[in-house]
Amino acid sequence: MKKFNIRKVLDGLTAASSSSASAQSGNKENDAIPESLQSEHFQLCKTVRHGFPHQPSSMAFDPVQKILAIGTQSGALRLFGRAGVECYCQHESEAAVIQLQFLVNEGALVSALTDDSIHLWNLRQKQPAILHTLKFSKERITFCHLPFQSKWLYVGTERGNIYIVNVESFTLSGYVIMWNKAIELSTKTHPGPVVHISDNPMDEGKLLIGYECGIVVLWDLKCKKADCRYNYDEAIHSVAWHHEGKQFICSHSDGTLTTWNVRAPAKPVQTITPHGKQSKDGKKPEPCKPILKVEYKTTRAGDPFMVLSGGLSYDTLGRRSCLTVMHGKSTTVLEMDYPIVDFLTLCETPYPNDFQEPYAVVVLLEKDLVVIDLGQIGYPVFENPYPLSIHESPVTCCEYFADCPAELIPALYSVGCRQKRQGCSKKEWPISGGNWGQGTHSYPEILVTGHADGSVKFWDASALMLQVLYKLKTAKVFERARGKEEKPSTDIVDEDPFAIQTLSWCPESRIFCVAGVSAHVIIYRFSKQEVTTEVIPLLEVRLQCELNDVGSPDGAVEQTPTLPTPGTTSSSPQESEPTPPTSTGSNSSDGPRDNVPCLKVRSTALNQSSGYQVELVVQLLWVSGEPPQPITSLAVNSAYGLVVFGNSNGLAVVDYLQKTLLLHMGTLELYSPTEPYLRQPCSPRKTQPSGAGCETNEGTNTTEERCKSPTSGPTSPYNSDEERKQQRFMQKVKSKSRRFSKTVANDFAKMSRKISSPTTEHKTDMAEIVLRQCFHKQSGSVKVARRPGTAPMLDVQRSQSCGSFNTNNVFARSRNSSVTSIDRESREAISSFQLCDSFPRKTDPASAPGPSLWVGTSQGAVLAVSLSMPPDGDQRLQEPVGVSPCGTLVRLKGGVLTMAFLDTSGALIPRPCELWFEPNATNQDRERPKRRPPASSPANSEGQYAVVCSEKQAKVVSLPSQACVHKHNITDASFVLRAEVVQLAGGLCIVCFCANGHIMALSLPSLRPLLDVNYLPLTDMRIARTFCFSNLGQALYMNSSMEIQRITYSQETCDNLQEMLSELFTPVETPEAPNRGFFKGLFGGGAQSLDREDLFGETTAGKASSSLAQHIPGPGGMEGMKGAASGVVGDLARARIALDERGQKLGELEDRTAAMMASADSFSKHAHGIMLKYKDKKWYQL
């Protein structure tokens, strides 16, 4: 019996109802395309984090390993070595890090948190892990101190007690210094928390304890009593020792520094106020701000250095934070850009009892890291090699490009190295520890970030590193207001008018395009030569396509504008560019602003250095007192020489080679008149000059008039008295509607709070009825903004031409498909573009694909525009480009996010592009490269697959038949924020990031789910704005305003991640201890050691109370490391450990062998001497 196959029956029905050509293409559509990607090719994990640590709180430095550690208020740890060596780790509790202490040259770090826990981190592995945790339960931790080459950690608490922890076992010692024994018995008040602990550099048995109230105690560890007590009236913030151990310095809350002799506790030897004003009568200087920290470092050949933060006079309220360096008789005040969090002085030796020889100061600021060179006059700063300037101006958008052209990074670096900061120290960066990872992937990666000040930065993101290559300042194109009084009234944003909204880049041709928040677009070309541009090319566009708010006064019926018909083209550039592109609009206070841009392009010459240079500036204009809408989508194509951009009013196509406007029309005008998706607009506005803009004009206006360049001559705006009356009526009603809009919006807000989940269908209907009931009470209109993920709510309007609302119809329409006009927003914004060679119409499959523009809207429509390109060469610069809208090709749920095209074999069809050439070369030297055609198989001419992904679903459509081959609903409860078609492991897939935190991957072209991981819920709109995918399994986003988190969704990258990560710990010998000298060793003047094991061990001090702290083993122990290590990386790690152990054992064996040989030699000599002594003697002579 023959098996029944319903799929073949359906194929037969389809073939019977279509032509023979369509039947052949239909058979090809149903052919299965082999897909290489499987679910085992995907795995999601974090890789590295770049940028400045968000909200830093503490800092530590290993002087032997040359590693810097920074803790943050969110419990994060960032470790830095040489350029490119970075590491990120996180405490699970996310409590703030109050202090960090390195076990110098041991590959370990101790962190103290505000939740009263202490953690020991193992830095000998590429991904640091916690070995031990000690959680205090009764007292709050305020200060920690770990002496050099000691395993005993001193922990001071808020109650004034000091506990001692063994860092090897992370257990408490029974030795405790109680506050009531440390202070004098006559003291009636509590001394406050412990703010400082340090041991005497020359006597490890003497511990210096500083209390907040101003009391300093020198504690004898052996005798368990206080040797000396030093009292001062002001609170103490920090203490610093002289390396000889005879003096120490305290910083106080009144801006003073007190120097004390250890043997003279009665009063300080010296009291100074570095920034205090000395009074004429010799009295005490005026009090200053607290000196938060002081460090005292000595030199062998000169005067000591005293470095302090704070202490400025109170009359300097507007002054920024300063770091003061006192060296001999000179005092240098270094002003910082941000408040100082902490600072450390880097010295040549790690031993505290030797001359320190300071060479640099690391200053941790709230938003920057500065390293000051103490060895040069003027104290210049080192050039920072880390990517810490991401937040120099807030990031507004970013794009990630993997597998770029190999010559692109050197080209950007060559022009960017000339922008380096001048006046920096010539010495090498002092934080130079660690080693780079041995990554297997070496493809070029570039990150482009747009910022609020109008700047754009290009970063080299290859091999898990990040380095700035080049910085472009787009604000140079415009005039800057010198003060608030000079600020133009046409600005649509109060702050950051030059902020980057979106960007588009063609890496092959190096054509770069940005769109700003002030509704401007700038096209750049890359050049290695400097040029001076006398007049910046400017093109101004009127793009204002709105629906009318009210009906006409005479109750006329609704009027529909004539829609463009296929085959129409724009006016020629010769017709649209006879006049210079200057604004002739008005901006007076008497009438509404019209025909004026938001920003003024500079009128003077612009000197453009090598790098990106302005090719063309496009600005949207104010129309009848209304500002231009923000640009929502942007695309550039170097092969076509076109830039397209769109917003909620419509789109514009610009030919940047001829510097003309080819097309500008509303989104509704792109629809075909016979389409079922078309939503007819109300009567058009009459408030603009006809032919000068892109508003929905009356039917008498032709397509050519709508597509004219804005630089064309204006025509008369009003031709009759009736039109003037109608205009006055419309303005009157609109002003009345503004008074009601606030009341209506408040009523709707109250009702919307009762609707818990507006994403459901029934609750959306309730919200719509509430809104419509408000409009039955008041005439006019209101526009309700739609939240992401909610059902669309349109601008409800009531007029004579539209009639009143029917509640039953509202319910019926809202439950139908979203393609009906009543369930869509009044403004259908442009959400995405794609310029490519494709089939914009249902044509014969035998025909070749041609240039086309694909437009995606916020309502899920995908529309096509056919392009007719002139031949290359001089004809391309003279003949116009033909533009013909083709109507809707496909519709999806939610706004369209991305589009791509595949050939019939399933391979990605790259966008056509032009290879880069030097634009400023002479005519003899210029060799303009030919356009690079799409690298696709011969099957491309037989047909294509269009891949479209929206906020809700994805579809694969066969071209030119426009039949939907595959469809997949991505999410129902949430919505997609970012989607891209990427290449991975030799295959193609769609990767999506949803608002509920899920990262998904779908195969192509079958849209089979490959990955679905709940990774990161959307808690900050910054994540949605900056999340971006790239090829080869890479992605990134801004997890804070200062940091970029990179992730991978590739199994191959996760497997090789251990090899790719940098290594923090490297074997380095500890410097030799300072030589005590003959006389110091003879008379006991050198440093005195202390057997802390005998003093703090369990046999002597006993066990501590188990209720004081709880020991928690960490996951980073050796057992956990051995269990987690697997594969090649684990084998190599074990082999390296075994090799080190074998080398150590061989060294010990060699030492024992040498000792045995020496002993044997000594025994031989001794035996030979005895033999010679008794050789000639008789037995009775013995």
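Which residue forms a salt bridge with D203? Keep that in mind as you look through these close-up views of a predicted model.

**View 1. D203 and K206 meet in a salt bridge.** The partner of D203 is K206, and the closest N and O atoms of the two are 3.8 Å apart. Both D203 and K206 are buried. D203 also belongs to strand β15, which covers residues 203-211, and that strand comes back in View 5.

**View 2. R1008 reaches E35 from a distant part of the chain.** Here the side chains of R1008 and E35 form a salt bridge, with a distance of 3.0 Å from N to O. The two residues are 973 residues apart. R1008 sits in the loop between β58 (998-1003) and β59 (1009-1014), while E35 sits in the loop between α2 (20-30) and β1 (42-51). R1008 has a relative accessible area of 29%, so it counts as partly exposed.

**View 3. D337 and R320 join two loops.** In this salt bridge the closest N and O atoms lie 3.2 Å apart. D337 is in the loop between β25 (330-335) and β26 (340-347), and R320 is in the loop between β23 (305-310) and β24 (322-327), so their pairing ties together parts that are 17 residues apart in sequence. R320 is partly exposed, because its relative accessible area is 42%. Elsewhere, R49, R78, E86 and E1043 are joined into one network by salt bridges that share partners. In the whole structure, a search finds 30 salt bridges.

**View 4. D655 is a buried residue with backbone partners.** D655 is found in strand β42, residues 650-655. Its relative accessibility is 0%, which means that D655 counts as buried. A polar atom of the D655 side chain lies 3.0 Å from the backbone nitrogen of L657. The side chain of D655 also reaches the backbone nitrogen of Q658, at 3.3 Å. What else is D655 in contact with, leaving aside its neighbours within four places in sequence? The contacts are G641, L642, T660, L662, R876 and V881.

**View 5. Four strands make an open, antiparallel sheet.** Follow the strands in the order β14-β15-β16-β17. The edges are β14 (194-200) and β17 (225-231), each of which pairs on one side only. From one strand to the next, the twist averages 20°. Between the edges, β15 (203-211) and β16 (215-220) pair in the antiparallel sense over five bridges. Look for L208, which stands opposite L218 in β16. As background, strands of a sheet pair through backbone hydrogen bonds.

**View 6. Cysteines C949, C992 and C994 are shown without a disulfide.** How many disulfides does a search of the whole structure find? The answer is zero. The sulfur of C992 has its closest cysteine sulfur in C949, 4.0 Å away, and this is too far for a bond because a disulfide needs sulfur atoms within 2.5 Å. C994 is in no disulfide either, and its nearest cysteine sulfur, that of C992, is 6.2 Å away. C992 is buried, with a relative accessible area of 0%, and C994 is buried with a relative accessible area of 0%.

How values were computed: Residues are numbered from 1 along each chain as its sequence is written. This is a predicted model: local features need pLDDT of at least 70, side-chain atom pairs count only at pLDDT 80 or more; totals for chains, interfaces and linings use all residues. Side-chain values use heavy atoms; hydrogens and water are left out. A salt bridge is a side-chain nitrogen of Lys or Arg within 4 Å of a carboxyl oxygen of Asp or Glu. Buried means under 20% relative accessible area, exposed over 50%, partly exposed in between (1.4 Å probe, protein chains only). A polar contact is a pair of N or O atoms within 3.5 Å; within protein, one must be able to donate a hydrogen and the other to accept it, and residues adjacent in sequence count only if both atoms are side-chain atoms. Contact means heavy atoms within 4.5 Å. Two strands pair if DSSP finds at least two bridges between them. Axes are lines fitted to C-alpha atoms, for helices over the stretch in contact, and angles run from 0 to 180 degrees between N-to-C directions.
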